[in-house]
Amino acid sequence: MSMALNTNNPNVPEILVQIVHIDGPRKGQIDESGGSRISIGRDPSSDVAFPNETRMVSRKHAEIKREGNRFLLVAYGKNGCFVNGEQVEEAYLKQGDVIVFAEGGPKVSFLYSVRAGSQAGPAKPASRPAARPPQSRAPSRTAGVQPPAGPSALGNQSAPFTIQFGTNIRSYKQPSVKLGKAPSCDFVLSHPRVFDLHAEVFFQQDRYHLRDLTGSQATLVNGRPVRTETPLQDNDVITFAEGGPQLRYLGSGRLAEVLQSSDQSAPGQSSTGGADAGSRKDMPGDSHEGIKGLIDSFRKK
């Protein structure tokens, strides 16, 4: 479910909240909202609505209110809310917090991202780096090279896609997903090695395929450059330029970040900085335990 964005005030950054269902009747689904309030409960009109048979959840169980760049969870239901295992009446939420609606009830993870072109505060702090140019060893971006034609001309089919990179998880139902560094991409990979328009994953003839859009074979599958396009197999590793980020294809349109050391890295933290690394300075802190649980659930689907 996607809700209207809060775009009335140009000085207020556009922050997209994702409520990712990691356990319960809606496991695997994602609700998105850019509004100032998110209602939660069994009432069908709720922004995050649970089935009526989820009786431990009240019709109006909770609400998430945006206060500037912070988000306040307010519990209304008689069975309460738990944030990272502790029952709360009110609590400011952090990136990756795990919320349980009633003891033994549905479990979700709270995520957010700042939309391209927005700032998470009135001014950028000096410590936040500006957009970083590609390193000198990155492949040349030759203006005259045109990427191959998109799959729209090839009878492509709409299909589900879910992509995880850092703390960002997005789901789509469309013919293809373009990945790159440019804000116009469907999924933005903020990494200095990534091209503005780097690759495209699309569904055609009952299979998922990968297409290189760099024009210089800077997309690799299992270490081999993709000349034009290639079908994806389960556990294929996609590399976005030499030394760039990697995604593993998990099947059924799902892509998850490959961490350099899953045991040593901070749980759920991107080894490459994550898609929203540039916006974290002005936002609440991450809950590593919550993000780890979310990503583990995503990988096991």
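In the predicted model, Gln233 is placed in the loop that connects strand 21 (229-231) to strand 22 (237-240). The residue is partly exposed, its relative accessible area being 45%, a value that falls between the limits of 20% for buried and 50% for exposed residues. When residues up to four places away in sequence are set aside, Gln233 touches Arg207 and Tyr249. The C-alpha atom of Gln233 lies 9.9 Å from that of Ser252, a residue 19 positions away along the chain.

The secondary structure of the chain consists of one helix and 24 strands. Of its 301 residues, 50% count as buried. Among contacts between residues at least 6 apart in sequence, 47% join residues at least 24 apart.

One open sheet contains five strands in the order 5-4-6-7-10, and its pairing is mixed. Strand 5 and strand 10 (90-92) form the edges, each pairing on one side only. The parallel component includes the pairing of strand 4 with strand 5 (residues 48-49), which extends over two bridges; here Gly41 has Ala49 of strand 5 as its bridge partner. Strand 4 also pairs with strand 6, in the antiparallel sense and over four bridges, and within this pairing Ile38 is matched with Ile64 of strand 6. Strand 7 and strand 10 likewise run antiparallel and are joined by three bridges, with Val74 standing opposite Glu90 in strand 10.

Two contacts between a charged side chain and an aromatic ring were identified in this part of the sequence. The charged end of Lys60 sits over the ring of Tyr76, at 4.9 Å from the ring centre. Arg70 lies over the face of Tyr92, with a distance of 3.9 Å to the centre of the ring.

The largest nonpolar core comprises 24 residues, of which Ile40, Ile64, Leu73, Ile99, Phe101 and Phe110 touch the most other members. Two or more residues of this core are given by each of strand 2 (15-23), strand 4 (37-41), strand 6 (62-67), strand 7 (70-75), strand 8 (81-83), strand 11 (98-101) and strand 12 (107-114). Strand 12 provides the largest share, with four residues. The surroundings of Ile64 illustrate the packing: beyond its neighbours within four places in sequence, Ile64 is in contact with Ile19, Ser36, Arg37, Ile38, Ile40, Phe71, Leu72, Leu73, Leu93 and Phe110. A second core, separate from the largest one, has 23 residues, including Val194, Val221, Leu232 and Tyr249.

A further open sheet is built from seven strands in the order 14-13-24-23-22-19-20, again with mixed pairing. Strand 14 (168-174) and strand 20 (224-225) occupy its edges; each has a single partner strand, so one side of each is left without a neighbour in the sheet. The partner of strand 20 is strand 19 (residues 219-221), and the two pair in the antiparallel sense over two bridges. Within these strands, Leu220 stands opposite Pro225 of strand 20.

Six aromatic pairs were counted in the model. In one of them, the ring centres of Phe161 and Tyr208 are 5.3 Å apart and the planes meet at 90°, so the arrangement is edge-to-face. This pair links distant parts of the chain, since Phe161 belongs to strand 13 (residues 159-165) and Tyr208 to strand 18 (residues 207-212), with their positions 47 residues apart in the numbering. Both Phe161 and Tyr208 are buried. Together with Phe203 and Tyr249, these two residues form one aromatic cluster. Tyr249 thus appears in several settings: as a member of this cluster, as a residue of the second nonpolar core and as a contact of Gln233.

A polar side-chain contact was found at a buried position. Glu200, in strand 17 (residues 199-204), has a relative accessible area of 1%, so this residue is classed as buried, the limit being under 20%. The side chain of Glu200 makes a polar contact with that of Lys178, at a distance of 3.2 Å.

Technical notes
Residues numbered from 1 in each chain as written. Predicted model: local features only at pLDDT ≥ 70, side-chain atom pairs only at ≥ 80, totals over all residues. Heavy atoms only, no water. Core = buried A, V, L, I, M, F, W, Y, C linked by side-chain atoms within 4.5 Å. Buried < 20%, exposed > 50% of the residue type's maximum accessible area, 1.4 Å probe, protein only. Contact = heavy atoms within 4.5 Å. Pairing = 2+ DSSP bridges. Polar contact = N/O pair within 3.5 Å; in protein donor to acceptor, adjacent residues only side chain to side chain. Phe/Tyr/Trp six-rings, centres within 6.5 Å; stacked < 30°, edge-to-face > 60°. Lys NZ or Arg CZ within 6 Å of the ring centre and 35° of its normal.
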